[in-house]
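Colleague: I should like to understand how the terms used for this model are justified. May I put some questions to you, one residue or element at a time?

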Amino acid sequence: QKASILKELCGYNADLILLQEVDESFINGGIGPIFDTLGYDSTFLSKEKLKEGLAILYRRSKFSCLMNETHTFSNLLLNCDLFTEVKSKVETNELLLSRISKLKNSLQVLLLRVTPEDSNRLLLVANLHLYSKDDADHIRLIQSYLCFKYIEKMLAKLGEEYPLHTISFVLAGDWNSTPEFGVVRLVNEKKVDSSLEDFRISTLL
């Protein structure tokens, strides 16, 4: 199976590859070394206490990395000033706060400069993996919101730091959701209604 995955990934001939739920040993002993010989750099974010995580691979001839950030959604919620209001609302439900605080779902962010080095083009790349439990659509919605707002702030900050550059954005991930739930609506419409089923579930957890 690993050989088939490698063959498929190589067949894409992509400049940028974003992966989720990648086994750490497969990165270190397979994808990483093989793609290094093919001219790619890679960065891997392991989920705490687990042997799998997120990976971003990019072609060295097309990109150079200027910044590499990693976050858990729980850490963003509890410790980032940007989310003080969201945190205060979550704290009204002790069970929900306890559950979210223990989760290690992550966000991986790279800022890439498009080569050549004097290019004025930058690419912000984000890779995520949302919580997977069937009863957690409300948590996935919260995690998605945290991601979008954090990236929005980051793009604004980069616009100030690189005023002469064109900054593009790519987001990929394992959303663990389907169109009838709030995550997909938030992606497509940039807002969700408070009557959403996701929120009614959150009163229980």
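Modeller: Please do. Let us begin with Asp135, which is partly exposed, with a relative accessible area of 36%. The model is a predicted one.

Colleague: Why is Asp135 called partly exposed?

Modeller: Buried means under 20% and exposed means over 50%. Asp135 has a relative accessible area of 36%, which lies in between, so Asp135 is termed partly exposed.

Colleague: What makes the pair of Arg99 and Asp135 a salt bridge?

Modeller: The term requires a side-chain nitrogen of Lys or Arg within 4 Å of a carboxyl oxygen of Asp or Glu. The N to O distance between the side chains of Arg99 and Asp135 is 2.7 Å, so the pair qualifies. This pair links distant parts of the chain: Arg99 is in helix H5, residues 94-101, and Asp135 is in the loop between strand S6 and H6, 36 residues apart.

Colleague: Is Arg99 buried or exposed, and how do you know?

Modeller: Arg99 has a relative accessible area of 17%. The limit for buried is under 20%, therefore Arg99 counts as buried.

Colleague: Why can such side chains pair at all?

Modeller: Side chains of opposite charge can pair when their charged atoms come close.

Colleague: How many salt bridges does a search of the whole structure find?

Modeller: The search finds nine salt bridges. One of them joins Arg60 and Asp36, with the closest N and O atoms 3.1 Å apart. Arg60 is in the loop between strand S3 and S4, while Asp36 is in helix H2, and the two are 24 residues apart. Asp15, Arg59 and Lys62 are linked in a network of salt bridges.

Colleague: What makes Arg60 and Asp36 partly exposed?

Modeller: Arg60 has 34% relative accessibility, and Asp36 has a relative accessible area of 39%. Each value falls between the limits of 20% and 50%, so both residues are partly exposed.

Colleague: How do you know that Glu85 forms a salt bridge with Lys89?

Modeller: The closest N and O atoms of Glu85 and Lys89 are 3.7 Å apart. The limit is 4 Å, so the pair is accepted. Both residues lie in helix H4, four residues apart, about one turn of the helix.

Colleague: Are Glu85 and Lys89 buried or exposed?

Modeller: Glu85 has 56% relative accessibility, and Lys89 has 57%. Exposed means over 50%, so both count as exposed.

Colleague: Where is Asp81 found, and why is Asp81 given the term exposed?

Modeller: Asp81 is in the loop between helix H3 and helix H4. The relative accessibility of Asp81 is 68%, and the term applies over 50%, so Asp81 is exposed.

Colleague: Why is Gln108 called buried?

Modeller: Gln108, in strand S5, has 0% relative accessibility, and buried means under 20%, so the term applies. The side chain of Gln108 reaches the backbone oxygen of Thr43 at 3.2 Å. Leaving aside neighbours within four places in sequence, Gln108 is in contact with residues including Phe44, Leu54, Ile56 and Val125.

Colleague: Why is no salt bridge assigned to Asp174, which is buried?

Modeller: The nearest side chain of opposite charge, Lys47, is 8.4 Å away. A salt bridge must lie within 4 Å, so Lys47 does not form one with Asp174. Asp174, in strand S7, nevertheless has other partners. A polar contact of 3.5 Å joins the side chains of Asp174 and His129, and the side chain of Asp174 reaches the backbone nitrogen of Asn176 at 3.3 Å.

Colleague: What is the volume of the largest cavity, and which residues line the largest cavity?

Modeller: About 60 Å³ of space lies in the largest cavity. The lining includes Lys47, Gly53, Asn105 and His129. Strand S3 gives the largest share of the lining, three residues.

Colleague: Which element supplies the largest share of the lining of the second largest pocket?

Modeller: Helix H6 does, with six residues. The pocket has a volume of about 170 Å³, and Met67, Tyr150 and Lys157 are among the residues that line it.

Note on methods. Residues are numbered from 1 along each chain as its sequence is written. This is a predicted model: local features need pLDDT of at least 70, side-chain atom pairs count only at pLDDT 80 or more; totals for chains, interfaces and linings use all residues. Side-chain values use heavy atoms; hydrogens and water are left out. Buried means under 20% relative accessible area, exposed over 50%, partly exposed in between (1.4 Å probe, protein chains only). Lys and Arg count as positive and Asp and Glu as negative; His and the chain ends are not counted. A polar contact is a pair of N or O atoms within 3.5 Å; within protein, one must be able to donate a hydrogen and the other to accept it, and residues adjacent in sequence count only if both atoms are side-chain atoms. On a 1 Å grid over the protein atoms alone, a cavity is a set of points where a 1.4 Å probe fits but cannot get out, and a pocket is an open set with protein on both sides within 12 Å along at least five of seven lines; lining residues have an atom within 4 Å of a point. Grid points are joined across faces, edges and corners, and a volume is the space filled by probe spheres set on the points. Contact means heavy atoms within 4.5 Å.
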